[in-house]
Structures are given as structure tokens and as C-alpha cells.
Amino acid sequence: MESKSDIVSSSENENEVQILDSNLLYEETEMPKESYKLPWEIIQIDIVRVSCTKHGFFIVSDHGVDQNLINDTYREFDNIFKLPLFTKVGSMRYPWGYLGSHAWRSSSNLPWKESFTFQYKHYDESNSQIAEFFKSILGDDHQQARLVCQKYCDAMKKLSGPILELLAISLGLDPLYYQKEFKDAESMMRCNSYPSSNGDKVGTLGVGPHCDPSSITILFQDQVGGLEVLIDEIWYEIPHIPNTFVISIGDTFKVLTNGIYKSCSHRVMTNKEMERKTLAFFLCPKGDKILRAPKNILGKEELNIYPDFTWSQYFEFTQKKQYMVDHKTLMNFVSWLCASNASNK
């Protein structure tokens, strides 16, 4: 497949990056519902609808997340990645904690990264859930990291609200429909670190082609770049744009739109000279939540094309030993689920 880069922000070319000013993602209490019909709002909704049906992602600017908080979060994860290898390996609680693919994989067609992941439950108001996790795997150290990561996740929870509202409006649903669906979300926070490929592994994949199993990914990437999205069988580089988040649709939100919105197929190429880091917040439903699309999307009542299943079922499927998530994961899961349901009858 081809690869193109240097996509600029414009609405003239439908394959180009669409940037959405999140100042337009207002709170429900700030504007009356009838203002959704204003021309500028319709334009923004159309941009999102076209982007999500074609390739599954868009970019948000002026999002209100403090850049100092983002910098602090990067710094705390840097401190974790700089720990001795035996300490990092000791914090592995798969799928949580540390994971270092490049530590034992060296082939150019395999992932080349290390990551640190933990769960964030939206309904837990204790402000101690992340602190307790960090303490359980890293001991009493990294107290500042606990506080910073809690604040960052709280900021992502807040940002996810208007994003879900916009997506609901773009599908002709009640503006608060998806916010209600995710009020008890059990999301995941991950920092990815992609070491340089040292110039001798041209084309090394930080992550191979895949779609995220989660619902919505809110990604902050540093200035190194390397993220590529598949559009019309061509890989397009998504450049670093300062102070923006890349918002991508995942498999479970595709299900919640009855397949109308596309799960974003993407990959990461490593840099031969510089290390790359990203902050990824994966919005996920509650584990026992049955994933089912509403029947009145875009004013049409259609039968759901996916069988009922829970987020836990799908997540557990993706975590099976030797299974590598890719762009066919949802299709493979549905086939497996239908076969399992038939055999149990």
C-alpha cells in the first residue's frame, strides 16, 4: 500500500486532516438546544460525520486541557520508563502495568515499543484508584506520578463528554445519548514509548496495522510523528500539530453506531533517530455493558448488524495468548461469538 505525508488542515480535500475547534463543543447548560441548528454548527457536525464514516478520526484543537498537565504527565512516565529493567518487568500485571515489546522482540515487522497501562473507572470518585494501583506495583515511590496521572485522567474524562455529545448529534441522536451510555465507563490510560530504530531497522513498526478495540481513543502525540492512518488503501502520515488531540473511533463505538462510523485503521512507524512518546486514553464501556446500537441513527430504524456482547467479552478475546490485534479483530470476534452461541444452543 502507498504512503503519503504532509497532510494539511483543509476541508477542500476529503482525504486531508480535519481539525475541529473544541470551543464549539459547548456544555449543555451553556447554550439552548435550538442553537444546534446554527449554520456553523451544522458545518462542524458534517465534518465529523464525513471523517468518521470515511476513515474514523478527526483532530481537536483548543480543547482546554492544560499544556502544563500534559508536560507533567510525560515527565512522570519518563521517570517510569527510566527505571531499571528488572523493576519495570516486576510491575507487569498483564494487561496492566509495564509491557516492553522491544525488550525481547527485534524483528523489523514486530512492535518496537514499551508501554505502561492502567485502568480508570469513571464512576470511582475516591481520587485514589490510580494511587492504589501505582502503590501495588511500584511501592511507595512515584507519589507525584499518582497525582499527575489522576489529574490527567480526570481531564480526559471531562474532554470525552463533549466529544461524545458531538458524535451523538452527528448521528441524529439525543445529544446526551452516548454520555449516558458511558457514565460508568471503565477506561484505560497508556503511555507509549517508541525507541529510535537506530537507523539500522528501516520501516520498523512501533505498532502494526490495527483498529483499537476500545470505543474512542484520545491521543496526544509528541513532535516526532509517525502515526499513519489508512484511507482508501493508502497510508497517510498524520503530522504532529501542537496542542491538539487525535480522536479516533474504535471497534466498540463502530458497533454502537451499527457500523456507520468506521473503526480507524492505523499504524506507527518508528523514527530512526528520535524516541517517540504518546499519551493514549482509551474510552471503554463498563465491563458488563451490553453493546447495542440505537435503532434510530440518522432517523432510520434498522436492525443491528452485530450480535449482542459485552465489553468484557470483547476485551478478553483481544487478550488471548498469541493473538495480535489487527484491523480484522472485530470481524474475527463476531465470527467466533456466533459460532460459540450456535454450539451452546
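The following paragraphs lead through one protein chain, from its overall make-up to selected local details.

The model is predicted, so local features are taken only where pLDDT is at least 70 and side-chain atom pairs only at pLDDT 80 or more, while totals for chains, interfaces and linings use all residues. Residues are numbered from 1 along each chain as its sequence is written, and side-chain values rest on heavy atoms, with hydrogens and water left out.

The chain has nine helices and 16 strands. Here helices (H or I, at least four residues) and strands (E, at least two) are DSSP runs, numbered from the N terminus. Of the 345 residues in the chain, 53% are buried. Buried means under 20% relative accessible area, exposed means over 50%, and partly exposed lies in between, for a 1.4 Å probe and with protein chains only. The accessible surface comes to about 16100 Å², and carbon and sulfur atoms account for 51% of this area. Such areas come from the Shrake-Rupley method with a 1.4 Å probe; for residues, only the protein chains shown count as cover. A contact means heavy atoms within 4.5 Å. Among contacts between residues at least 6 apart in sequence, 76% join residues at least 24 apart. One pair of residues shows how the chain can bring separated positions together: D72 and A145 are 73 residues apart along the chain, and their C-alpha atoms are separated by 8.6 Å. D72 belongs to helix α2, which spans residues 67-81, and counts as partly exposed at 25% relative accessibility.

Strand β10 deserves a closer look. Five of its five residues are buried, so β10 is largely enclosed by the rest of the structure. Both faces are covered: L227, V229 and I231 are buried on one side, and E228 and L230 are buried on the other. Two strands pair if DSSP finds at least two bridges between them. β10 runs antiparallel to strand β13 (residues 266-269), and three bridges join them; V229 of β10 stands opposite H266 in β13. β10 also pairs with β11 in the antiparallel sense, over four bridges, and E228 has E237 of β11 as its bridge partner. β10 and β11 form a hairpin with two residues between them, and D232 in the turn has a positive phi of about 55°.

The backbone also has some less common features. Most residues other than glycine have a negative phi, and most peptide bonds are trans. In the loop between β10 (227-231) and β11 (234-237) lies E233, which has a positive phi of about 65° although it is not a glycine. H142, also not a glycine, has a positive phi of about 60°; H142 is found in the loop between α4 (129-138) and α5 (143-170). Y94 and P95 are joined by a cis peptide bond, with omega about 10°. P95 is placed in the loop between β4 (92-93) and β5 (96-100).

The last topic is the cysteines. A disulfide is a covalent bond between the sulfur atoms of two cysteines. The cut-off used here is a pair of cysteine sulfur atoms within 2.5 Å, and the structure holds zero disulfides. Why does C52 form no such bond? The closest cysteine sulfur, in C264, is 9.4 Å from the sulfur of C52, which is too far for a bond. C52 is buried, with a relative accessible area of 0%, whereas C338 counts as partly exposed at 39% relative accessibility.
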